[in-house]
Amino acid sequence: MQRILFMLIPLMLAILAFRPVYSHVITGKVVDEKGNPLSGVTITIKGTNSATVTATDGSFSISVKDNNTVLVFSGVGYDSQEVKLTGKTILTISLKAISQQLKEVVVTGYGTQRKVDVTGSTTQIRAKDISATRKSNPNSGPATPYRGNADYEVIAPKVIHFNKPRIIEGNEDFNTEGYDNISENRFLKVSDNPLSTFSIDVDAASYSNVRRYLNQGQLPPAGAVRIEEMINYFHYDYPQPENEDRFSINTEISDAPWNKDHKLVMIGLQGKKIPVAGLPASNLVFLVDVSGSMDMPNKLPLVKASMKMLADQLREEDKVALVVYAGAAGLVLSPTSGADKTKIKDAIDNLQAGGSTAGGAGIRLAYKTAQEFFVKKGNNRVILCTDGDFNIGESSDDAMERLIEEERKSGVFLTVLGYGMGNYKDSKMQKLADKGNGNHAYIDGMSEAKKVLVNEFAGTLFTIAKDVKLQLEFNPAKVQGYRLIGYENRMLAKEDFNDDKKDAGELGSGHTVTALYEIIPVGVQDTFLSKVDDLKYQKNKNAVTSSSHTNEILTVKFRYKAPDGDVSKLIEHPVLDKQIPVTRASENFRFATAVAEFGMLLRNSPFRSKATFGNVIDLARKAKGFDEEGYRAEFIRLAENAQLLAKGNNSNVDEESKAAILPTR
């Protein structure tokens, strides 16, 4: 009998080893104490690296292998909560806002201590404000910058608190994230500057980044607010181009809601939508930052979830490779057919964060891989997933730009997906996308990942035209002054319009591009237009020609190249002076105008005139229209949040700015 038992034990173990492992999908919603949905909350399976993030409506879904699994819910500004499932598959979790006072935060450096009294604040440390020195060694040289090596120790960091904590031994607040300063386009006289030239911009990173700030209870820094990207985040119902045209050009003129004496001209481009089945084969290379700075739930775990979403969209003829970089760069998945989704997802799941950031080496290897498997007439693209915090190798913006400019000559395009907070380098991401014939999105949660990589899959990854430029000529008999709202980093010299060597923006399949010009009609007395002295050595050219006496208010000229072309095509579109009241304008016009007004308020623009958050909310509500994905409803909620935040900060603004906070009557 004993012998029989010994023989049965291995058999039983073998059976147990190959028993099926069942997984359970847990779904639910995370809300605050008032029942409002919370987006960006991280849900982690305790004791593992498996995690997900709530969508904009607070919903989530996560797979677990055990009915007794413990889930950890954590969000910025809220107490973390652990929940044991005990067989439950649908959860509603209410998180409590942090309101208790943290007694003391002590940071040691140079043998001293800093004590900080924190009440409901978020603490962040900026890389440039961390100094370092070698560990005690009589033979070591002078102190050198910290680069994540074990031979160094971090000392004396500065601390930022968003909700104005009391710093006992401290220093001033500072922003940990990198944004370029924006000098807003000013009003120009048509008599001096009849032409306005700019490159299109289909990026929408600014809007999702601004949303992240507002959802965290903070007003965004002015440099984070790029109005053209906020406008172009939304879909507008422009007609599809006809025949073989790649674009339709649409224009509309109405009143400027924030200035009764001014008018707005809307220019909308609609790119031709190509069905997914008709798209060319893709040669994609994921370039993933797995450095130590990505070791946060809203960074690498969200990157992995985003990539798996994209993998689900790939076809058999598509190929994808995976390059990672940290202390060094490496190819972890050679080009693999989109049909082999299990192999692709397994490679993604195996990614781990740690080390410094060899961004330059990673970019070189990714482009090299894309070039080796280049698909003629196909979609060849590097997809960079990072927080942008490069600090080893090609770390300067100038060196990185030159590297990208050189690599783009191969015909490989670039998509930049930004993640995380605290050390997010928005300015660097913008430069990389601009120089790489590509686009830039900021992924603040699973909902945004789905929007960019699933709902807008073709537009994000398939270019139908490159080097797209617009040039407007204004009729001096109708318009005395104008300014382009946004697009400050896309402005071109008038000579650049006809120069096919000049780089400009790209447009994807089905994408829309919207631009707004605020114009000052002839006859209006306006302080925004400054007078200059008459010229001494040449006559002033104020006379208008006979062709000015038409009903045309302006002409739109449009240039673009095919994705693999070198010679541009020109389209001209005259615009008649047909003005209608804003109440009768299209939903496209009114909603885009509401977003522009919102952006000017967030930037505290000197051109905001009588703009108010109340007017933004009222205009957007009436122009919401068909909103299947809920993006426009979310915008209205964000505008309401911004209004409340601005009220809370109105002790720091002037009287004119306070007026903008008040709702319209």
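**Stop 1: the second largest cavity**

Select Glu184, Val225, Arg226, Ile227, Glu228, Arg483, Ile485, Gly486, Glu488 and Arg603: together they line the second largest cavity. The model on screen is predicted. The space enclosed here is about 40 Å³. Colour the lining by residue class, and six charged residues show up, with three nonpolar and one polar.

**Stop 2: the largest cavity**

How many cavities of 30 Å³ or more does a search of the whole structure find? Four. The largest has a volume of about 60 Å³. To centre the view on the largest cavity, pick Asn439, Gly459, Thr463, Glu506 and Gly508, which lie nearest its centre among 14 lining residues. Now show helix H10 and strand E27 (505-508); each supplies at least two residues of this lining. By class, the lining of the largest cavity holds eight polar, four nonpolar and two charged residues.

**Stop 3: the whole protein**

Zoom out. The protein has 665 residues, and 51% of them are buried. Its secondary structure comes to 14 helices and 31 strands. Switch on the surface: the accessible area is about 31400 Å², with 51% of it belonging to carbon and sulfur atoms. Of the contacts with a separation of 6 or more, 74% join residues 24 or more positions apart.

**Stop 4: the second largest pocket**

Next, go to the second largest pocket, which holds about 1100 Å³ of space. Select Phe234, His235, Asn455, Glu456 and Tyr631, the closest to its centre of the 46 residues that line this pocket. Then display the elements around the pocket. Helices H2 (205-215), H9 (446-455), H10 (457-461), H11 (587-603) and H13 (631-648), along with strand E24 (439-442), each supply at least two lining residues. Which helix gives the most to the lining? H9 does, with five residues. The whole lining of this pocket divides into 17 nonpolar, 17 polar and twelve charged residues.

**Stop 5: helix H9**

Stay with H9. Seven of its ten residues are buried, so this helix is largely enclosed by the rest of the structure. To see them, select Met446, Ser447, Glu448, Ala449, Lys451, Val452 and Leu453.

**Stop 6: helix H2**

Move to H2, another contributor to the pocket lining. Is H2 mostly covered or mostly open? Mostly covered: ten of its eleven residues are buried. The buried set runs through Ala205, Ser206, Tyr207, Ser208, Asn209, Val210, Arg211, Arg212, Tyr213 and Leu214. Show helix H3 (227-231), helix H8 (426-435), E24, H9, H11 and H13, and you have the elements that the buried residues of H2 pack against. Just after H2, click on Gly217, where phi is positive at about 80°.

**Stop 7: aromatic pairs**

The whole structure contains 24 aromatic pairs. Start with Tyr207 and Tyr233, a tilted pair at 4.3 Å centre to centre, with 35° between the planes. Tyr207 lies in H2 and Tyr233 in the loop between H3 and strand E17 (247-256), so the pair ties together parts that are 26 residues apart in sequence. Both Tyr207 and Tyr233 are buried.

Jump to Phe474 and Tyr517, an edge-to-face pair at 5.5 Å centre to centre and 65° between the planes. Phe474 sits in strand E25 (residues 463-474) and Tyr517 in strand E28 (residues 512-521), so this pair links parts that are 43 residues apart in sequence. Phe474 is buried, at a relative accessible area of 2%. Tyr517 is buried too, at 0%.

Return to Tyr207 and add Tyr233, Phe234, Phe591, Phe598, Phe613, Tyr631 and Phe635: these form one aromatic cluster. Phe234 and Tyr631 in this set are also among the residues closest to the centre of the second largest pocket.

**Stop 8: two threonines**

Select Thr42, in strand E2 (residues 42-45). Thr42 is buried, with a relative accessible area of 5%. Beyond its neighbours within four places in sequence, Thr42 is in contact with Ala51, Thr52, Val53, Val72, Phe73, Ser74 and Pro297.

Finish at Thr336, in strand E21 (residues 329-337). Thr336 is buried, with a relative accessible area of 5%. Not counting residues up to four places away in sequence, Thr336 touches Asp318, Lys319, Val320, Lys343 and Ile344. For a last distance, pick Leu322: it is 14 residues from Thr336 in sequence and 9.3 Å away in space, C-alpha to C-alpha.

Key:
Residues numbered from 1 in each chain as written. Predicted model: local features only at pLDDT ≥ 70, side-chain atom pairs only at ≥ 80, totals over all residues. Heavy atoms only, no water. 1 Å grid on protein atoms, 1.4 Å probe; cavity = no way out; pocket = protein on both sides within 12 Å on 5 of 7 lines; lining within 4 Å. Points joined across faces, edges and corners; volume = space filled by probe spheres on them. Helix = DSSP H or I, 4+ residues; strand = E, 2+ residues; numbered from the N terminus. Nonpolar A, V, L, I, M, F, W, Y, C, P; charged D, E, K, R; others polar. Buried < 20%, exposed > 50% of the residue type's maximum accessible area, 1.4 Å probe, protein only. Contact = heavy atoms within 4.5 Å. Areas by Shrake-Rupley, 256 points an atom, 1.4 Å probe, with all protein chains shown as cover. Phe/Tyr/Trp six-rings, centres within 6.5 Å; stacked < 30°, edge-to-face > 60°.
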